[in-house]
Amino acid sequence: MVQISSSRQRALLRKYARNIRFMMILGSICLIVAALPKQAQFRYEFEKGRIWNQKDLISPYNFAILKTPDEIEVDRKAALASVTPIYRLDEEIAKQQAEGFHNDLEIKWHTAGIKDDLKERYITVGNNLINEVYRRGIIKLNPKHQPADNFTISVLNKNVAVDKNLADLFTREKALAYCESSLNKRTDVDGAFLLDLIDDRLLPNLNFDEKLTGKLEKEVVDNLSVTRGMVQAGETIVSRGSVVSEEAFQKLQSYKKAFEDNARINGSMGVVFFGRFLLVALAIVLLMIFLYLFRKDIYADNRLVGLILLVVTAMLATLSIAIAWQIPNLYYIPYCIVPIIVRILFDTRLALYIHLLVVLIAGFFVPNSFEFAYYQITAGMVAIYTIKNLIRREQFLISALIITSSYFVAFVGISFIRQGSFTTIDWVDFVPFIVSVLLTLLAYPLIYAFERVFGLTSDITLIELTNTNAPLLREMAFTAPGTFQHSLQVANLAENAIYSIGGNALLVRAGALYHDIGKMENPLFFIENQTSSFNPHDKLPYEESAQIIIRHVSKGIEMARKAGLPEMVIDFIRTHHGNTRVDYFYQSFLKNFPEKFIDENIFRYPGPIPFSKETGVLMLADSVEAASRSLKEPGEKSINDLVDRIVRYKLDQDQLKDSDITLKDIETIKTIFKRMLMSIYHVRVDY
C-alpha cells in the first residue's frame with residue numbers, strides 16, 4: 001500500500017509541475033503579446049537610395065504625402081516669424097513717474113541754487129518731456145527677438161491691439177538721449193539738473209507678453225499642414241527596379257503612415273492580437289521543445305524554465321517600452337545582455353538559441369528589421385564566443401570591446417552599402433551602439449541577482465570559490481594542511497581530465513577543492529595530516545575508526561551548507577566516495593575477528609554514487625591521488641598499474657554507472673592521470 005501511495009504521490013507531483021510549467025509558458029506568451037506594439041505591421045522594408053526589388057507598388061487608396069522633417073522645420077520657422085510679438089502697455093507707469101519727478105524736484109530744488117521764480121518752468125519742461133516720451137512708449141525688448149528698427153510689434157492696451165513700428169518707439173537709452181538732446185536746445189533751464197531727475201524716471205511701459213505671444217505661436221504651429229500634395233488611388237508609388245529617391249522615399253513613408261492609421265481605424269485589433277499570439281507562441285513552444293529534446297534537466301525544473309521565460313519577456317518588454325517612449329534610437333537597448341546572462345547561467349547552445357528567438361520576435365516591431373537582425377545576431381554570437389570559457393572577471397570588459405568592434409564592422413559595412421562613400425558616414429549614428437555595449441555590463445549585477453533569487457551557480461561564483469583565499473579553503477590550509485595539498489593535487493588532476501573529455505572545468509576544480517573540508521573536524525585521523533608516528537586509530541576499534549573516516553562526508557556537507565556553498569559544489573562532497581567501503585578497516589576487522597559477524601554497511605559510505613561526468617572524474621582523481629601517496633618507489637610501471645587498478649575497481653563496484661562517462665573517456669582520463677602523476681613524482685619515462 002505504501003508503494004502504491006508513494007508512486008501515486010510522485011505522479012501527482014509531476015502533473016502539478018507540468019501544470020505550473022504550462023501556466024508559466026502561457027503567461028509569458030500573453031505578457032509578451034500584450035507588451036508589444038499593437039498596430040498592424042507594414043509589410044515593406046525600404047531605404048533611401050536603394051533599388052526597389054519588389055513588384056510595382058500601386059496605391060490602393062488616396063493618401064496625403066507627408067512633409068519631410070526639414071520641410072516642416074522650414075515651415076515652422078516661417079510661421080513663427082509671421083507672428084507679431086505682443087507688448088502690453090502699462091498706462092500707470094507714466095502717471096507714477098510724473099509724480100515721482102515732481103517729488104524729486106521738490107526735494108532737490110533747495111540745494112540746486114536756482115531762483116524760485118523759475119520753479120514752475122522747470123516743472124513744466126520736465127513734465128512735458130516725460131509725457132512725450134511715455135506717449136511714444138518705452139519698450140523693453142525681449143532677448144529672443146532683438147529685431148531690426150523696422151520690426152513691427154502689437155501694442156495691447158485695454159484689449160485693443162495696435163501695430164507699431166519699432167522705429168517709432170523708444171528704448172530707455174534712446175529716450176534718455178532724446179531728453180538730453182531736447183534739453184541741450186534750451187537755454188532757459190539747467191539741462192543737466194533736469195536730465196538727472198528725468199533719468200531716474202525712465203522705465204519701460206511696454207513689456208513683452210510672453211504668455212499671449214506664446215499662445216499665438218502655438219496656434220500658428222499647430223495649424224501648420226504636415227502634408228504636401230496627394231497620391232491618388234491606382235497611382236504608382238514606386239516602380240520595380242527604380243531607385244528609392246527622396247520623393248519616392250517620402251511617398252513610401254506617407255503610405256506606411258496611412259496604412260497604419262487605416263489599420264488602426266478599420267482593422268480588427270482582435271485579429272492583430274491573435275496573429276501576434278500565434279507568432280510569439282510558436283517561438284516560445286519551439287524553445288520548450290528545444291529544452292525537452294536537448295536540455296531535459298532544465299525543462300524538468302520549473303525554476304529554471306521560469307528564469308528563461310523571465311529574461312525573454314523582460315527583454316521584449318523593454319523593447320516595447322522603448323518604442324512607446326519613442327527613444328531616439330532602438331539600438332540603445334542592450335540586446336546582448338540576454339545571451340551573456342543565459343551563457344553564464346546555462347550554456348553556449350541555449351544562449352545562442354534564445355538570442356535568435358528574441359531577435360526574431362523583436363524583428364517584427366523594429367524598423368529595418370533585416371538590418372536590425374544582422375546587427376544583433378552577429379553581436380550576440382560574438383558575445384557568446386568571447387565568454388565561452390569564463391575564467392576572469394576582466395573577460396566582461398574584453399567581451400564588451402570585441403562586441404563594440406563587431407558592431408563597428410557591421411555599421412561601416414551597412415553604411416557602405418547604403419551610401420557608397422566613406423566620407424558621408426554620420427559617425428554620430430554609432431553612439432547608440434556604444435551606449436548599448438556599456439549597458440550590457442549590467443549583466444554582471446543581474447547575474448548575481450538571478451543566482452540569489454533562483455538558487456543558481458554561475459561561472460563567476462565558481463571563480464570566486466576557487467580562490468584559495470576563500471574562508472573555508474584558508475581555514476583548511478591551516479587546520480588540515482595535508483588535506484589541503486591533497487585537494488589541490490586532486491583539483492589539477494580532475495580539471496585536466498574533464499577539460500579533455502568535455503565538461504565544466506571550473507565546477508570540477510571548485511568541487512575538488514572543497515570535497516574533503518569535512519576532514520577539518522578531526523584532521524589527525526587522516527594520514528595526510530599526520531606528522532609523527534602516532535596514529536589515533538591504533539587505540540580505536542575498527543568500526544569506530546571507519547565511522548570517523550566516513551563521517552567526513554556528512555560533516556563536509558554540514559560545513560558547506562553553513563558556509564553557503566552552492567548545492568552543485570556540495571554534490572562533490574556527497575558523491576566523491578560513492579557507496580564504497582572503507583576497505584582498510586573492513587579487511588582488518590575480518591582478519592582479526594574472523595568468527596564475528598559484522599554489518600558491512602558500518603564500513604560503507606552512504607552515497608550516492610556520482611551522477612555526472614564532473615563528479616565521476618573527481619571520484620577517480622581523489623582515489624588515484626590518495627593511493628599514489630602510498631607508492632614507496634613511484635615509477636612508470638607502478639603508476640600505470642596503480643591507475644589501472646583504481647579505475648577498474650571503481651568500475652567493478654558500479655560507481656560510475658550514472659556518470660555518463662564512456663569507455664573512451666575512461667581511457668583518456670587514465671592517460672592524463674598517468675602522465676600527470678609521473679610529472680608530479682619526477683618519473684623518467686623510457687623512450
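# Pocket, cores and backbone outliers

The second largest pocket of this predicted model is lined by 50 residues, and Phe346, Thr457, Asn504, Leu507 and Met568 lie nearest its centre.

Reader: What volume does the second largest pocket have?

Author: The second largest pocket has 50 lining residues. Its computed volume is about 1,600 Å³.

Reader: How many charged residues are in the lining of the second largest pocket?

Author: Split the lining by class. Nonpolar residues number 22, and polar ones twelve. The charged residues number 16.

Reader: Which helix gives the largest share of the largest nonpolar core?

Author: The largest nonpolar core has 74 residues. Among those with the most contacts inside it are Ile284, Phe346 and Leu350. The largest share is eleven residues, and it comes from helix α11, residues 302-325.

Reader: Leaving aside neighbours within four places in sequence, with which residues is Leu350 in contact?

Author: Leu350 is among the residues with the most contacts inside the largest nonpolar core. Set aside its neighbours within four places in sequence. The contacts are then Leu287, Phe290, Leu291, Ile298, Ile308 and Val342.

Reader: How many residues does the second, separate core have?

Author: This second core is separate, and its members include Ile549, Leu618, Val647 and Ile661. The count is 69 residues.

Reader: Which strand pairs with β3 in the antiparallel sense?

Author: Strand β3 covers residues 86-89 and runs parallel to β5, residues 152-157, with three bridges joining them. There, Tyr87 has Val155 as its bridge partner. Three bridges also link β3 to its antiparallel partner, where Arg88 stands opposite Asn207. That antiparallel partner is β7, residues 206-208.

Reader: Where is Pro608, and what is the omega of the peptide bond from Gly607 to Pro608?

Author: Most peptide bonds are trans. The bond from Gly607 to Pro608 is cis. Pro608 sits in the loop between α24 (583-592) and α25 (613-628). Omega is near 5 degrees.

Reader: Is Asn159 buried or exposed?

Author: Asn159 is not a glycine, yet its phi is positive, about 65 degrees. Its place is the loop between β5 and β6 (160-165). The cut-off for exposed is over 50% relative accessible area. Asn159 has 71% relative accessibility, so it counts as exposed.

Reader: What phi does Asp660 have?

Author: Asp660 lies in the loop between α26 (636-652) and α27 (663-680). At 59% relative accessibility, Asp660 counts as exposed. Most residues other than glycine have a negative phi. Asp660 is not a glycine, but its phi is positive, at about 60 degrees.

Technical notes. Residues are numbered from 1 along each chain as its sequence is written. This is a predicted model: local features need pLDDT of at least 70, side-chain atom pairs count only at pLDDT 80 or more; totals for chains, interfaces and linings use all residues. Side-chain values use heavy atoms; hydrogens and water are left out. A nonpolar core is a set of buried Ala, Val, Leu, Ile, Met, Phe, Trp, Tyr and Cys residues joined through side-chain atoms within 4.5 Å. Buried means under 20% relative accessible area, exposed over 50%, partly exposed in between (1.4 Å probe, protein chains only). Helices (H or I, at least four residues) and strands (E, at least two) are DSSP runs, numbered from the N terminus. Contact means heavy atoms within 4.5 Å. Two strands pair if DSSP finds at least two bridges between them. On a 1 Å grid over the protein atoms alone, a cavity is a set of points where a 1.4 Å probe fits but cannot get out, and a pocket is an open set with protein on both sides within 12 Å along at least five of seven lines; lining residues have an atom within 4 Å of a point. Grid points are joined across faces, edges and corners, and a volume is the space filled by probe spheres set on the points. Ala, Val, Leu, Ile, Met, Phe, Trp, Tyr, Cys and Pro count as nonpolar, Asp, Glu, Lys and Arg as charged, and the others, Gly among them, as polar.
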